[in-house]
Amino acid sequence: MRRPAALFGLAGLLAVAYLAASLAGWAEHTSAICGMPRSPASWTLGPVFVALYLAVVIVAPILAIAATLDTLLLLRRK
Amino acid sequence: MKRARLLLSLLLAAVVWLPTLHRFYALDEPERELIAARLAARQVAAPARGAAEMRAVNPEWDFMRRTYVVLALANRALAHPGERVRSLAAIDAIVDQTLASADEHGDVHFLLPYAKRGPFMDPAARSLFIDGEIVAMVAARDLVEPRDATRQDALARAARIERAMRASPSLSGESYPDECWTFCNTTALAGLTMLDRVAGTDHGALARDWVAHAKAHLLDPKTKLLVSSYTWDGRVLDGPEGSSLWMSAHNLLVIDEDFARDQYARARRELGASFLGFGWAREWPAGSPAHPDVDSGPIVPVLGASAGSSGLALLGASAFGDDAWLGTLLASLELAGFRDADGAYRASNDVGDAVLLYALSFGPLWQRVKEPASGPAALLQIGGAR
């Protein structure tokens, strides 16, 4: 059952990273995408926040679903 | 075996999740109206919010934001009588401040620095970009309720536009020295068309002549799409670009509807895209050289999605009733725009929000332009002159 746990763990890690970035206000720095950074740090924080967000909404659910499928397969084998 | 099972699980998970994702970002009509109402309220409350920041990047954005907000509020004033008074007040404040700035600082106040690189080819000309959008703003306001205070300024600019276009070998006005844009020329012609409805003038012949010239000389030979920019004497500078085409096609709806629909259909085919419920627009047709600039905005690799083109594609899709694609474009905006409580998108800026507001409000103004002409007297009876 280690692999499903690893997948869930990775999904959770992405969610925590996104939550931390969100609480730190990194969303405001996404204005850099349209060429209007809040500060010089926006050029980094903005794209990183976008990447974290896309990872949370695209990759994390896939990992969680895959982990669930894997768990069900393992349980069925037992 | 274990690796194969892992890959299979991931693949199955992706097949389940990816086609579902867009449903979390789809916006139905009530949600779209809520966003539009919030954006409108935000613009009415603080019309010049963020102007200084935008001007630091591109003074044109400050100017264009005003145009799109005025057009949007004019639409909302027609569609929502309860908003009419405050919308007209906000429009008047924007127009008056714009005219004052143009008078005090000159057209260059709203232009990129290269506007000063040299004189216009037509020594008597002023920037068509500025004149055309001001005429459009004033005429849009008058189509809701005529206002005498700005009519003469609009008529003077209209006369200047017609003179400049007629004097040009390309039948087009310069927005910058020796640089004409289809975006600006079609906006000017749409503004003149609106002005004709309220002032009793007639610029129909100019519009027809420009369309005829455009069909003969301003279409890309491969895609038959309008080019974006050209010199005063008609040499093409930039080929078809989404950041010009969607607005140009929208303008042409009140000038030559068949041509407009042809241009939108071609642009949709060459530049429009969607996948798994998310839509976007490219800036350039396939095979065309890509040179990102301030108009295209950032380009997403692989997809070729252009921020500038995708933003204006919202207006194109709305104006042409392409609700399926509009839905996918809005889903993409919801996914990657990070909307705040005011309805504005953090990854966008005020001009982007203004374009969205106009796209979501589009309809009543163009409908009024296309209604059978009943003369200025009839329009005066609608709301009375102020």
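Contact means heavy atoms within 4.5 Å. In this predicted model, B:Ala72 is in contact with B:Leu357, B:Tyr358 and B:Ser361, leaving aside neighbours within four places in sequence. B:Ala72 lies in helix H4 (residues 59-79) of chain B. Helices (H or I, at least four residues) and strands (E, at least two) are DSSP runs, numbered from the N terminus. The relative accessible area of B:Ala72 is 0%, so the residue is buried. Buried means under 20% relative accessible area, exposed over 50%, and partly exposed in between (1.4 Å probe, protein chains only). The C-alpha atoms of B:Ala72 and B:Ala359 are separated by 7.8 Å. Along the chain these two residues are 287 residues apart.

Residues are numbered from 1 along each chain as its sequence is written, and chains are lettered from A and ligands numbered from 1 in the order in which they are written. Because the model is predicted, local features need pLDDT of at least 70 and side-chain atom pairs count only at pLDDT 80 or more, while totals for chains, interfaces and linings use all residues; side-chain values use heavy atoms, with hydrogens and water left out.

Confidence was examined next. The predictor gives the complex an ipTM of 0.91 and a pTM of 0.93. pLDDT is the predictor's confidence in each residue, from 0 to 100. Chain B has a mean pLDDT of 93. In this chain, 96% of the residues reach 70 or more. Over residues 377-386 of chain B, pLDDT stays under 50. The model has 24 contacts beyond four places in sequence for this stretch. Where pLDDT is low, the predicted coordinates should not be read in detail.

A second alanine, B:Ala190, is found in helix H8 (residues 182-199) of chain B. Its relative accessible area is 2%, so B:Ala190 is buried. B:Ala190 touches B:Asn251, B:Val254, B:Ile255 and B:Trp366, not counting residues up to four places away in sequence. The C-alpha atoms of B:Ala190 and B:Ala136 are separated by 7.0 Å. The two residues are 54 residues apart along the chain.

B:Asn251 belongs to the buried residues of helix H10 of chain B. This helix spans residues 242-252, and 11 of its 11 residues are buried. Among them are B:Trp246, B:His250 and B:Leu252.

The nonpolar cores follow. A nonpolar core is a set of buried Ala, Val, Leu, Ile, Met, Phe, Trp, Tyr and Cys residues joined through side-chain atoms within 4.5 Å. The largest such core has 108 residues. B:Tyr68, B:Met194, B:Trp210, B:Trp246, B:Leu365 and B:Trp366 touch the most other members. Apart from it lies another core, of 28 residues. A:Ala27, A:Phe49, A:Ala67 and B:Leu335 are among its members.

B:Trp210 touches residues including B:Met165, B:Leu171, B:Leu189 and B:Leu252, not counting residues up to four places away in sequence. B:Leu171 sits in the loop between helix H7 (151-167) and strand E1 (180-181) of chain B. This leucine is buried, with a relative accessible area of 13%. Its phi is near 55°, a positive value in a residue other than glycine. B:Lys224 also has a positive phi, near 60°. The lysine is found in the loop between helix H9 (204-217) and strand E2 (229-230) of chain B. Its relative accessibility is 40%, so B:Lys224 counts as partly exposed. Most residues other than glycine have a negative phi.

Helix packing was then described. Two packed helices are described by the angle between their axes and the distance between the axes. Axes are lines fitted to C-alpha atoms, for helices over the stretch in contact, and angles run from 0 to 180 degrees between N-to-C directions. H7(B) and H9(B) pack at about 35°, with axes 11 Å apart. The contact is made by B:Glu162, B:Met165 and B:Arg166 of H7(B) and B:Ala205, B:Leu206, B:Asp209 and B:Trp210 of H9(B).

Between the chains, helix H2 (residues 42-77) of chain A packs against helix H1 (residues 2-21) of chain B. The angle is about 130°, and the axes are 8 Å apart. H2(A) is therefore oblique to H1(B). Angles under 35 degrees count as roughly parallel, over 145 as roughly antiparallel, 65 to 115 as roughly perpendicular and the rest as oblique. Residues that meet here include A:Val57, A:Leu69 and A:Arg77 in H2(A) and B:Arg5, B:Trp17 and B:Leu21 in H1(B).
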